[in-house]
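The following exercises ask for local and packing features to be located and then justified step by step. Each task is followed by a worked solution.

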Amino acid sequence: MTAPRTLEREEPNYYGAGPALLPTDVLQQAAYDLISYHGDSVGVGEISHRSKPATAIIDDTKNNLKQLLSIPDDYEVFFLQGGGTGGFSAIVQNMMAHYAKKTGRKGKAAYAVTGSWSAKALEEAKRLGFDAYPVVNTKSEHYSDIPPFSKWEQIKEDTAYLWVCDNETVHGNEFQTVPDSSYLPKDVPLIADMSSNILSKEIDVSKYGAIMAGAQKNIGIAGLTIYIVRKDLLDQATDEQLKSLDISLLPIAFSFPVVVKNNSAYNTIPLFTCQILKLVTEKLIKEGGVKAVEKTNNQKAKLLYDALDATSNFYTLPVKNPNVRSNMNVVFKTPSEELDAKFVKDAETQQLKGLKGHRSVGGIRASIYNAVTLESVEKLVQFVKDFAEKNA
């Protein structure tokens, strides 16, 4: 029998890494908007991406992000498709086009490899034909720490940018500080992938040349990536200049200047995805902004890490340095793979879902993004304690 159609649901305890949990009230409003937007006979997914209502959704979402992150006036905010992986390509080619315009040379790219996503970003830059190199690579230590900047290799001459992944979802580490002038040369912009922790904590946007964040991990559904880019970096070499320097041309739909000029609608923007972003950011503003949500996120992470540390004879935390543990993605293991599987299975019987670790590392992963409530984390903490007691 088909279940009754309703927009109500029991509040889920879901800790999936992405696509991830969203607030129920946001989804309810989005569902209505999908059927009828502002009382019209058509929904938000059916209207023209260049219509006045669509432009208003894009502009409102951008303004919400500017307010929440206190984005300075010399930055552009825009949206692209392609997710974080698309950003690996878009960032390197746009940054190299800027560097070529500024210097007349083909630049290099520096990467801090602190987990699987930054490793993939480096691989993509190399695949596209650029001289990309790691300034730090902690793979041999299983990405268990982020070394201090004083231990990173020096930035090479002709480096166009430094890339960091601010929060590694697979390996569960997170930057608590960013490279400053004591390490990073003034003319080398810092680029950050914040796909899994955007709007989870206060940041100083002015420290970055560009920030990229896929929406589906912490603040939306799949389909859009947020870009926050300093305006001077949008000044790029022409196609002819790039060809003369043996720099490949990127697809025009991923050209930052083109996207900015067309207000994120050069091609058809997934407007329903943008509407959900708008609703999530509106909710964050009403609930006190990023400062308020960061306070709650700190509470949630402390509760869970304290419980795991208190049962360290049973659980193992792969991130050895507590100072770089992720507030968003808590990764841990039991004494065996069999017990890992049992933990996930038993948790599901308690309606605690989405806890299986990434396929590349196994174990258990609890993603406690903004939409995961303190009460939900408290339930997980109690299960963590009970499981250790029963299976030790």
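**Exercise 1. Locate His38, state its phi, and classify it as buried or exposed.**

Solution. In this predicted model, His38 belongs to the loop between helix 1 and helix 2 (52-69). Its phi is near 55°, which is a positive value in a residue other than glycine. The relative accessible area of His38 is 67%. Exposed requires over 50%, so His38 is exposed at 67%.

**Exercise 2. Carry out the corresponding analysis for Asp246.**

Solution. Asp246 sits in the loop between helix 5 (239-244) and helix 6 (256-261). Although Asp246 is not a glycine, its phi is positive, at about 60°. With 62% relative accessibility, Asp246 counts as exposed.

**Exercise 3. Which peptide bond, from Gly18 to Pro19, has omega near 0°, and in which loop does Pro19 lie?**

Solution. The bond that links Gly18 to Pro19 is cis, its omega being near 0°. Pro19 is placed in the loop between strand 1 (13-14) and helix 1 (24-35).

**Exercise 4. Describe how helix 3 packs on helix 4, beginning with the geometry and ending with the composition of the contact.**

Solution. Begin with the axes: those of helix 3 (residues 83-103) and helix 4 (residues 116-127) come within 9 Å, and they cross at roughly 45°. Helix 3 is therefore oblique to helix 4. As to handedness, helix 3 passes helix 4 in a right-handed crossing. Next, identify the residues. Helix 3 contributes Thr85, Phe88, Ser89 and Val92, while helix 4 contributes Trp117, Lys120, Ala121, Glu124 and Ala125. Finally, sort the residues of this contact: 5 are nonpolar, 2 polar and 2 charged.

**Exercise 5. Apply the procedure to helix 9 and helix 10.**

Solution. Helix 9 (residues 337-349) and helix 10 (residues 374-391) have axes 11 Å apart and pack at an angle of about 130°. That angle makes helix 9 oblique to helix 10. The two helices, helix 9 and helix 10, form a right-handed crossing. On the side of helix 9 the residues are Leu339, Lys342, Phe343, Asp346 and Ala347, and they meet Phe383, Val384, Phe387 and Asn391 of helix 10. By class, the contact of helix 9 with helix 10 holds 6 nonpolar residues, 1 polar residue and 2 charged residues.

**Exercise 6. Establish whether Ser118 is buried or exposed, and describe its surroundings.**

Solution. Ser118 is part of helix 4. Its relative accessible area is 0%, so Ser118 is buried. Excluding neighbours within four places in sequence, Ser118 is in contact with Tyr111, Ala112, Val113, Trp163, Cys165 and Glu168. For one of these, Trp163, the C-alpha atoms of Ser118 and Trp163 are 7.8 Å apart, with their positions 45 residues apart in sequence. The side chain of Ser118 also reaches the backbone oxygen of Ala112, at 3.4 Å.

**Exercise 7. Which polar partners does the side chain of Lys201 have, and is Lys201 buried or exposed?**

Solution. Lys201 occupies the loop between strand 8 (190-193) and strand 9 (210-214). The threshold for buried is under 20%, so Lys201, at 14% relative accessibility, counts as buried. Its side chain makes a polar contact of 3.0 Å with the side chain of Asp166. The side chain of Lys201 also reaches the backbone oxygen of Phe175, at 3.1 Å. Beyond four places in sequence, the residues that Lys201 touches are Asp166, Glu174, Phe175, Val290 and Glu294.

**Exercise 8. Determine the environment of His171.**

Solution. His171 is located in the loop between strand 6 (167-168) and strand 7 (173-174). Its relative accessible area is 13%, and His171 is therefore buried. The side chain of His171 reaches the backbone nitrogen of Ser116 at 3.5 Å. With neighbours up to four places away in sequence set aside, the contacts of His171 are Gly115, Ser116, His142, Tyr143, Val319, Val331 and Val361.

**Exercise 9. Classify Val135 by accessibility and list its contacts.**

Solution. Val135 lies in strand 4 (residues 131-137). A relative accessible area of 2% means that Val135 is buried. Apart from residues up to four places away in sequence, Val135 touches Ala110, Tyr111, Ala112, Trp152, Glu153, Ile155, Leu162 and Tyr183.

Notes: Residues are numbered from 1 along each chain as its sequence is written. This is a predicted model: local features need pLDDT of at least 70, side-chain atom pairs count only at pLDDT 80 or more; totals for chains, interfaces and linings use all residues. Side-chain values use heavy atoms; hydrogens and water are left out. Axes are lines fitted to C-alpha atoms, for helices over the stretch in contact, and angles run from 0 to 180 degrees between N-to-C directions. Helices (H or I, at least four residues) and strands (E, at least two) are DSSP runs, numbered from the N terminus. Angles under 35 degrees count as roughly parallel, over 145 as roughly antiparallel, 65 to 115 as roughly perpendicular and the rest as oblique. A crossing is left-handed if the near helix is turned anticlockwise from the far one by less than a right angle, and right-handed if clockwise. Contact means heavy atoms within 4.5 Å. Ala, Val, Leu, Ile, Met, Phe, Trp, Tyr, Cys and Pro count as nonpolar, Asp, Glu, Lys and Arg as charged, and the others, Gly among them, as polar. Buried means under 20% relative accessible area, exposed over 50%, partly exposed in between (1.4 Å probe, protein chains only). A polar contact is a pair of N or O atoms within 3.5 Å; within protein, one must be able to donate a hydrogen and the other to accept it, and residues adjacent in sequence count only if both atoms are side-chain atoms.
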